[in-house]
Amino acid sequence: MLMEGRYWNEEIETMPRAELEEYQLRALREELEFAYENSPYYRRSFDAAGVKPGDLRELGDISRFPFIDKKTQRDAQGVGSFLGELCAVPEEDVVFISTSSGSTGVPTMSPFTQRDFDEWQDVESRIFYQAGMRRADRYLHALNFSLYVGGPDVIGAQRLGALCIWGGTIPSDRLIYILQTYRPTCMWTSPSYAWHLGETCMKNGIDPAKDLAVRRIFVAGEMGGSIDGTRKAIEELWGAELYDFYGLSDIFGACAGMCGEKDGLHIAEDHILVETVDVETGEPLAPGETGELVYTTLRKRARPMIRFRTGDIGRIDKGACRCGRTHGRIHVMGRKDDMFIVSAVNVFPSDIEAVVRGQKGITGEYLIRVTEKSYTCQYEVTVERSESNSSETDEEVADRIQRALKARIGVKPARVVVEREGALERSLHKARRIIDERKLTYSI
Ligand SMILES: [Zn+2]
């Protein structure tokens, strides 16, 4: 069947909110029952908290159920069986596992039944479609296939009907060969790699905007796609539209993505119940307030995730979007672990990136160093001046960036270091741009 309308699944994507919330309530009741009946972990934790699935009368009652987090996953992993105590199906029903990158400790494993897998890929098709991919597109999937949850997302593009090129994470020269020879119209990579790849093309005499066919770039795994300055710089370099996607190895490769309005990322609310909670107390916040995002899966069978604290700080906007979709839009500001506090102001690396990418005369690369002096937290930022910038001294550049940071964040950096172009290390896939040199542990 040809599907070239506005939506991948109009009924689900544009369901009136009241109906969507009724749907969520029914699905949530079933998910809680299923978890309680089949997962040794949830049976024990619900019992310990004195709650039963039947206690859920309305969506807000979810706050009576206990949280889980990465540590819960690690502790439950391998207990009782290979798949661990959070798993709610026998191993023979599991058809796929992915693992987290392990960037915050021991990698955690995420199991899927065939139904989980198929529904996940349907969400991928929806997110690709929402970002403008159509059957006539050629799609280059430049993500890691080895155990990484983003790998299989290419199947979602294939289900949509696009011609799919399973590129993986291969060296830049081979990707550039694919870009030149097969002329894909869409591509998915990380924001830092999209930038690096575009710059590499330029150095090789290929202008991505003129000489290549890529007109849509999907990015995930870093904040860049939602930072206006970064997004616009990549869009300009490639002559393409950039759409930010958001996923978690614990749930789906991508469970949220931008529509053409690019004002937050529509999250698949038919699969995920989103809460925001106070980072310190865990108390639920009203929709729209900024806090830690907490997700509950509504249909996952292999490993239901009930009240998973993601460590991501953000908010959800449930207001109407101009695209006509009714599913809420998440705005993620950054990782809880990356946030630091200077003079009582919460600072996210994404705020610093927004400033650095919006300034002329520097390359947009940066490094943040968080330090402490006399028991006070402070930060410094290293930037690179562009080779083409001959009108300013280093001091003038530093002064200008320092003032821009103060204006956006409210506290100025202890200093801005100006390096020559190319001095900062370019990361190929997931850029690490913050070094925390504090000896004290600050509670956040
Ligand atoms: Zn929208």
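## Two crossing helices

Let's start with a helix pair: helix H7 (residues 172–181) and helix H8 (residues 191–203) have axes that come within 11 Å and cross at roughly 80°. Please keep in mind as you look around that this is a predicted model. Angles of 65 to 115 degrees count as roughly perpendicular, and H7 and H8 are therefore roughly perpendicular to each other.

Which residues in H7 and H8 meet? On the H7 side you will find Ser172, Leu175 and Ile176, and they meet Leu197, Thr200 and Cys201 in H8. Sorted by class, this contact of H7 with H8 has 4 nonpolar and 2 polar residues, with no charged residues.

## How the two domains meet

Stepping back to the whole chain, the domain assignment gives domain 1 (1–335) and domain 2 (339–436). Taken over C-alpha atoms, the centres of these domains are separated by 30 Å. Where the domains touch, 17 residues of domain 1 are in contact with 15 residues of domain 2.

Which elements give two or more residues to the side of domain 1 that touches domain 2? They are H8, helix H10 (228–238) and strand S13 (329–335). So H8 appears here again, having already been described as crossing H7. H10 provides the largest share of that side, with 4 residues. By class, the side of domain 1 that touches domain 2 has 9 polar, 6 nonpolar and 2 charged residues.

## An open sheet of 4 strands

Now for a look at a sheet. Strands of a sheet pair through backbone hydrogen bonds, in either a parallel or an antiparallel way. In this model, an open sheet of 4 strands follows the order S18-S17-S16-S19, and its pairing is mixed. Strand S18 (415–420) and strand S19 (434–436) are the edge strands, each pairing on one side only. On average, neighbouring strands of the sheet are turned by 20° against each other, direction ignored.

How many bridges join S16 and S19? Strand S16 (residues 362–373) pairs with S19 over 3 bridges, in the parallel sense. If you would like a landmark, arginine 369 stands opposite isoleucine 435 in S19.

## A helix across the sheet

One more element completes this picture. Helix H12 (residues 394–409) lies across S16, strand S17 (376–385) and S18. Relative to S18, one of the edge strands, H12 runs at about 135°.

Key: Residues are numbered from 1 along each chain as its sequence is written. This is a predicted model: local features need pLDDT of at least 70, side-chain atom pairs count only at pLDDT 80 or more; totals for chains, interfaces and linings use all residues. Two strands pair if DSSP finds at least two bridges between them. Axes are lines fitted to C-alpha atoms, for helices over the stretch in contact, and angles run from 0 to 180 degrees between N-to-C directions. Two residues are in contact if their C-beta atoms, placed from the backbone, lie within 7 Å. Angles under 35 degrees count as roughly parallel, over 145 as roughly antiparallel, 65 to 115 as roughly perpendicular and the rest as oblique. Ala, Val, Leu, Ile, Met, Phe, Trp, Tyr, Cys and Pro count as nonpolar, Asp, Glu, Lys and Arg as charged, and the others, Gly among them, as polar. Domain bounds come from an automatic or database domain assignment.
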